[in-house]
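Here is a friendly walk through one protein model, from a single residue out to the whole fold. Take a moment to turn the structure around before reading on.

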Amino acid sequence: MQDPAQRFAASRAWHERASRVLAGGVSSQFRAFGVFHPMHYVRAEGARIWDADGNELLDYTLAQGPCILGQSHPELVARVQRAVARAQLFAGQHEEEVLLAEALQRLIPCAERVRFASSGSEAAQACIRLARAVTGRQRILKFDGHYHGWLDSVAFNVAPPGNAAGDAPVPWCAGVAESAAADVVCLPWNDLDAVRQVMARQGAEIAAIITEPVMCNQGCIEPVPGFLQGLREICDAHGAALIFDEIITGFRLGLGGAQAHYGVTPDLALFGKALGSGFPLAAIVGRQRWMAPLEAGAAYHAGTMNGNNACVAAGLATVELLAREEGAALRHIAAMGARLRDGLAVLGVRHGLKLRVQGPGPMFNMAFSALPRATEFRHVAADDRASYQAFCRGMLLEGVRLIERGLWYVSAAHTEDDIAITLAAADRVLGRIAAG
Ligand code: PLP
């Protein structure tokens with residue numbers, strides 16, 4: 001095995017050059033956490049990506065989720081090219097935008113109305129604005145460890161360490177408006193009693209409960225039975241909006257998102273990532289009553305680039321390709337994901353390592369932890385992150401690219417052979433970790 005300094009020398013040199021001009025050497029803070037250093041890439045196709053040193057890597061980041069069909073799917077690329085050849089941006093409505101909105105309305109239970117946006121962060125903000133506009137209330141309830149984008153209104157209790165229920169919200173990073181904390185209540189996830197108690201006291205002030213339907217960003221934790229349904233009932237009882245952040249679950253747990261998968265319909269939801277297959281496309285969808293402030297023009301959501309031809313064409317292609325043969329691609333993703341997830345768990349046992357591998361399959365989380373199952377953020381906060389970093393470094397040297405915080409994504413382009421190659425690499429790396 002080559003020395004990483006040699007193996008990724010060109011990437012390293014690019015990073016040094018980038019750091020003299022790009023703030024932190026990156027365009028998104030999450031890219032700053034490279035296994036050795038932020039990597040530079042030149043090309044990607046299917047399940048593989050090539051870095052600046054010419055290393056071919058089997059990719060389980062899917063660009064942090066969007067590339068659900070794999071990279072550069074030929075039909076998607078052709079469709080985007082045709083759209084861009086007509087025009088880049090009308091800043092007016094066009095046929096494909098209506099077709100895509102109609103498809104979302106057909107597929108997603110709460111999508112009586114649709115509004116396109118360009119990123120998940122702004123779509124979350126728009127949902128919160130709609131909830132405030134309808135209820136006339138200010139505060140929102142969010143959960144520890146849930147990420148809804150980088151904007152101030154939700155930038156609290158995002159990352160470990162968590163605080164105890166009832167503590168003041170902890171800002172995610174420097175520069176978050178202190179005044180925003182007054183409008184946020186943070187609670188542990190999967191704990192209906194905690195939600196009930198807070199809503200009993202403060203329900204009249206709460207405009208919305210916002211949740212990832214699966215806590216994807218920390219531990220990939222599924223809701224305990226009855227939790228989402230319970231949130232639905234609590235919101236109904238108190239007149240608050242239930243907002244599902246389906247940025248990761250959307251088009252991964254099924255074409256109707258987590259809301260169809262778990263059979264709980266929110267009032268508002270946001271979709272992104274996989275919807276645009278790597279093009280900046282997000283959607284705010286919701287019940288007509290909760291989208292009404294947009295229809296009346298009472299609340300504003302705007303964006304110069306929204307609904308642009310390339311992104312909408314990518315969205316249409318994604319939805320059509322995923323729906324083809326009654327969802328064959330999604331079934332393949334779920335099967336490959338489950339095989340990989342279960343295979344990693346077996347390897348952990350074989351090597352006598354305490355691994356927790358948890359999640360629905362199309363995405364799942366792997367962590368070094370004595371806790372076999374996590375149900376909330378505090379469990380994840382105790383994970384041995386240093387060992388997972390070591391695992392990621394070993395896997396990268398084996399030619400497998402992973403997200404350093406433990407989330408794995410599987411695409412339609414991953415084959416049975418790819419899964420076998422990955423498990424064989426993991427076997428070697430875990431063996432070395434177990435040997436100390
Ligand atoms: N919500 C969730 C659950 C996410 O994972 C993310 C991004 O990772 C966002 C919202 C923000 O989306 P974007 O990065 O498109 O602004």
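Let us start with A101, which is buried because 21 other C-beta atoms lie within 10 Å. For this label, C-beta atoms are placed from the backbone; a residue is buried if 20 or more other C-beta atoms lie within 10 Å of its own, exposed if 12 or fewer, and partly exposed in between. A101 belongs to helix α4, residues 95-107. Eleven residues separate A101 from E112 along the chain, and their C-alpha atoms are 9.8 Å apart.

Please keep in mind that this is a predicted model, in which local features need pLDDT of at least 70 and side-chain atom pairs count only at pLDDT 80 or more, while totals for chains, interfaces and linings use all residues. Residue numbers start from 1 along each chain as its sequence is written.

**The whole protein**

The protein has 13 helices and 14 strands. Helices (H or I, at least four residues) and strands (E, at least two) are DSSP runs, numbered from the N terminus. Along the principal axes, the C-alpha atoms fill a box of roughly 60 × 55 × 45 Å. The radius of gyration is 21 Å, which agrees with the value near 22 Å for a compact globule of 436 residues. That radius is taken over C-alpha atoms, and the globule rule is 2.2 Å times the number of residues to the power 0.38. Buried residues account for 50% of the 436 residues.

Contacts tell us about the chain's path too. Two residues are in contact if their C-beta atoms, placed from the backbone, lie within 7 Å. Of the contacts between residues at least 6 apart in sequence, 72% join residues at least 24 apart.

**The seven-stranded sheet**

In which order do the seven strands of the open sheet with mixed pairing lie? The order is β4-β10-β9-β8-β7-β5-β6. At the edges stand β4 (113-117) and β6 (184-187), and each has a single partner strand, so one side of each is left without a neighbour in the sheet. On average, neighbouring strands of this sheet are turned by 20 degrees against each other, direction ignored. Such angles use axes that are lines fitted to C-alpha atoms, for helices over the stretch in contact, and run from 0 to 180 degrees between N-to-C directions. Two strands pair if DSSP finds at least two bridges between them.

Within this sheet, strand β8 (residues 241-245) is mostly covered, with five of its five residues buried. A241, I243 and D245 point one way from β8, while L242 and F244 point the other way. Strand β7 (residues 206-211) runs parallel to β8 and is joined to it by four bridges; A208 stands opposite A241. Strands β9 (residues 268-271) and β10 (residues 282-286) are antiparallel and share four bridges, and L270 has I284 in β10 as its bridge partner.

**The three-stranded sheet**

A second open sheet has three strands in the order β11-β12-β14, with antiparallel pairing. Its edge strands are β11 (355-358) and β14 (407-409), each pairing on one side only. Helix α10 (residues 309-350) packs on this sheet and touches β11, β12 and β14; the direction of α10 makes about 165 degrees with that of β11. Strand β12 (residues 363-368) is joined to β14 by three bridges, and F364 has W408 in β14 as its bridge partner.

**Around the ligand**

Which residues come nearest to the ligand? Of the 15 residues around the ligand, they are S119, G120, S121, G149 and I247. A residue counts as near a molecule or strand if its C-beta atom, placed from the backbone, lies within 6 Å of it. Helix α5 (residues 120-135) gives the most to this shell, with three residues. By class, the shell has five nonpolar, eight polar and two charged residues. Here Ala, Val, Leu, Ile, Met, Phe, Trp, Tyr, Cys and Pro count as nonpolar, Asp, Glu, Lys and Arg as charged, and the others, Gly among them, as polar.

**Two residues with positive phi**

The table sets A91 beside F251; neither is a glycine.

| Residue | Phi | Place | Other C-beta atoms within 10 Å |
|---|---|---|---|
| A91 | near 50 degrees | loop between α3 (74-86) and α4 | 10 C-beta atoms, exposed |
| F251 | about 65 degrees | loop between β8 and α8 (257-262) | 30 C-beta atoms, buried |
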